[in-house]
Amino acid sequence: QVQLVESGGGLVQAGGSLRLSCAASGSIFRINDMGWYRQAPGKQRDLVAVISSGGRTTYADSVKGRFTISRDNARNTVYLQMTSLKPEDTAVYYCNADGRSNLKPWNYWGRGTQVTVSS
């Protein structure tokens with residue numbers, strides 16, 4: 001009932017920047033937490049950043065000071081501004097959101113967007 005679509009991935013050089021976006025649509029009603037996760041080849045999917053409906057943020061230690069998560073509740077969209085990118089940031093980045101609709105909780109994942117950082 002809810003679809004998440006990521007955009008903004010690409011290939012950048014180390015030290016560069018990218019801005020990821022994730023827009024939610026469908027039977028949303030309300031969204032609680034929205035977050036970004038990433039998965040490199042052969043590795044587990046790890047939390048990158050999460051933002052609550054009230055704007056409370058949580059970051060992985062590896063991205064603190066470099067990445068900023070934000071959201072536009074009116075547009076049902078979450079963003080991830082990535083700066084000072086490192087080759088270690090190379091991964092597929094997935095959007096995640098949870099919420100409630102028709103008195104029922106939901107949780108959905110986007111299909112992911114590739115971020116590649118060259119050295």
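**Exercise 1. Find the handedness of the disulfide formed by C22 and C95.**

Step 1. Begin with the bond itself: C22 and C95 are joined by a disulfide (a pair of cysteine sulfur atoms within 2.5 Å), with an S to S distance of 2.0 Å.

Step 2. Now take the torsion about the S-S bond, which is about -80°, so this disulfide is left-handed.

Before going on, a word on the model: it is predicted, local features need pLDDT of at least 70, side-chain atom pairs count only at pLDDT 80 or more, and totals for chains, interfaces and linings use all residues. Residues are numbered from 1 along each chain as its sequence is written, and side-chain values use heavy atoms, leaving out hydrogens and water.

**Exercise 2. Work out which strands the disulfide ties together.**

Step 1. Search the whole structure: one disulfide turns up.

Step 2. Place its ends on the strands (DSSP runs of E, at least two residues, numbered from the N terminus). C22 lies in strand 3 (residues 18–26) and C95 in strand 9 (residues 91–101), so the pair ties together parts that are 73 residues apart in sequence.

Step 3. Check the surroundings: C22 and C95 are both buried (under 20% relative accessible area, with exposed over 50% and partly exposed in between, using a 1.4 Å probe and protein chains only).

**Exercise 3. Lay out the open sheet that contains strand 3.**

Step 1. Write down the order, 1-3-8-7, for the four strands, with antiparallel pairing (two strands pair if DSSP finds at least two bridges between them).

Step 2. Look at the edges: strand 1 (2–7) and strand 7 (67–72) each have a single partner strand, so one side of each is left without a neighbour in the sheet.

Step 3. Zoom in on strand 1 and strand 3, which are joined by six bridges. Here E6 has C22 as its bridge partner in strand 3.

**Exercise 4. Trace the pairings of strand 4.**

Step 1. Strand 4 (residues 30–39) runs antiparallel to strand 9, with eight bridges joining them. Y37 has Y94 as its bridge partner in strand 9.

Step 2. Strand 4 also pairs with strand 5 (residues 45–51), again in the antiparallel sense, over six bridges. In strand 5, A49 is the bridge partner of W36.

Step 3. Finish at the hairpin of strand 4 and strand 5: five residues lie between the strands, and G42 takes a positive phi near 75°.
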